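The following exercises are to be worked with the sequence and the model at hand. Each task is followed by a solution that proceeds step by step.

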Amino acid sequence: MTDRRLWTYKDIAAHIKVQPDTVRSYRKHGLLPAPDVVESGKPYWYADTIRAWVANRPGNRPRRD
């Protein structure tokens, strides 16, 4: 089953527990996938796109405390 809900910067930030400005910075520096949809100049990503990105992004390793 695919999750086609569209996420904003705010949604992505909540998912990875950072501020929305951090997510904007990721995009500015090419660290975020290209938006799946752009409406009225605003970028949106499918939830599945972001979940795949989170699973594969550098530094996303389980902590060893």
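Buried means under 20% relative accessible area, exposed over 50%, and partly exposed in between, for a 1.4 Å probe and protein chains only. The model is a predicted one, in which local features need pLDDT of at least 70 and side-chain atom pairs count only at pLDDT 80 or more, while totals for chains, interfaces and linings use all residues. Residues are numbered from 1 along each chain as its sequence is written, and side-chain values use heavy atoms, with hydrogens and water left out.

**Exercise 1. Backbone outliers in loops**

Task: Determine whether Ser40 is buried or exposed, and state in which loop Ser40 is placed.

Solution. Step one: the relative accessibility of Ser40 is 80%, so Ser40 counts as exposed. Step two: Ser40 belongs to the loop between β2 (37-39) and β3. Helices (H or I, at least four residues) and strands (E, at least two) are DSSP runs, numbered from the N terminus. Step three: the phi angle of Ser40 is near 50°, a positive value in a residue other than glycine. Lys17 may be treated in the same manner: its phi is near 60°, likewise positive in a residue other than glycine. Lys17 follows α1 and sits in the loop between α1 and α2. With a relative accessibility of 75%, Lys17 counts as exposed.

**Exercise 2. Overall architecture**

Task: State how many helices and strands the chain has and in what order the elements run from the N terminus.

Solution. Step one: there are three helices and three strands in the chain. Step two: from the N terminus on, their order is β-α-α-β-β-α. Step three: of the 65 residues of the chain, 28% count as buried. Step four: among contacts (heavy atoms within 4.5 Å) with a separation of 6 or more, 48% come from residues 24 or more positions apart.

**Exercise 3. The packing of α1 and α2**

Task: Describe the angle at which α1 and α2 pack and the residues that make the contact.

Solution. Step one: helix α1 (residues 9-16) packs with helix α2 (residues 20-28) at an angle of about 105°, and their axes are 8 Å apart. Here the axes are lines fitted to C-alpha atoms, for helices over the stretch in contact, and angles run from 0 to 180 degrees between N-to-C directions. Step two: this angle makes α1 roughly perpendicular to α2. Angles of 65 to 115 degrees count as roughly perpendicular, under 35 as roughly parallel, over 145 as roughly antiparallel and the rest as oblique. Step three: α1 contributes Tyr9, Lys10, Ile12, Ala13 and Ile16 to the contact, and α2 contributes Pro20, Val23, Arg24, Tyr26 and Arg27. Step four: these residues divide into seven nonpolar, no polar and three charged. In this scheme Ala, Val, Leu, Ile, Met, Phe, Trp, Tyr, Cys and Pro are nonpolar, Asp, Glu, Lys and Arg are charged, and the others, Gly among them, are polar.

**Exercise 4. The two sides of α1**

Task: Identify the buried residues of α1 and the elements that cover them.

Solution. Step one: Tyr9, Ile12, Ala13 and Ile16 are the buried residues of α1. Step two: seen down the axis of α1, they fall within an arc of 100°, so they line one face of the helix. The arc is that of the directions from the helix axis to the C-beta atoms. Step three: Lys10 and Ala14 are exposed on the other side of α1. Step four: the cover of the buried residues includes β1, α2, β3 and α3.

Step five takes Ile16 as an example. Ile16 counts as buried at 12% relative accessibility. Leaving aside neighbours within four places in sequence, Ile16 is in contact with Val23, Tyr26, Trp53, Val54 and Arg57.

**Exercise 5. The buried side of α3**

Task: Establish which residues of helix α3 are buried and what they pack against.

Solution. Step one: in helix α3 (residues 47-56), the buried residues are Ala47, Ile50, Trp53 and Val54. Step two: they cover an arc of only 130° around the axis, which puts them on the same side of α3. Step three: the face turned away from this buried side carries the exposed residues Ala55 and Asn56. Step four: the buried residues of α3 pack against β1 (6-7), α1, α2 and β3 (42-46).
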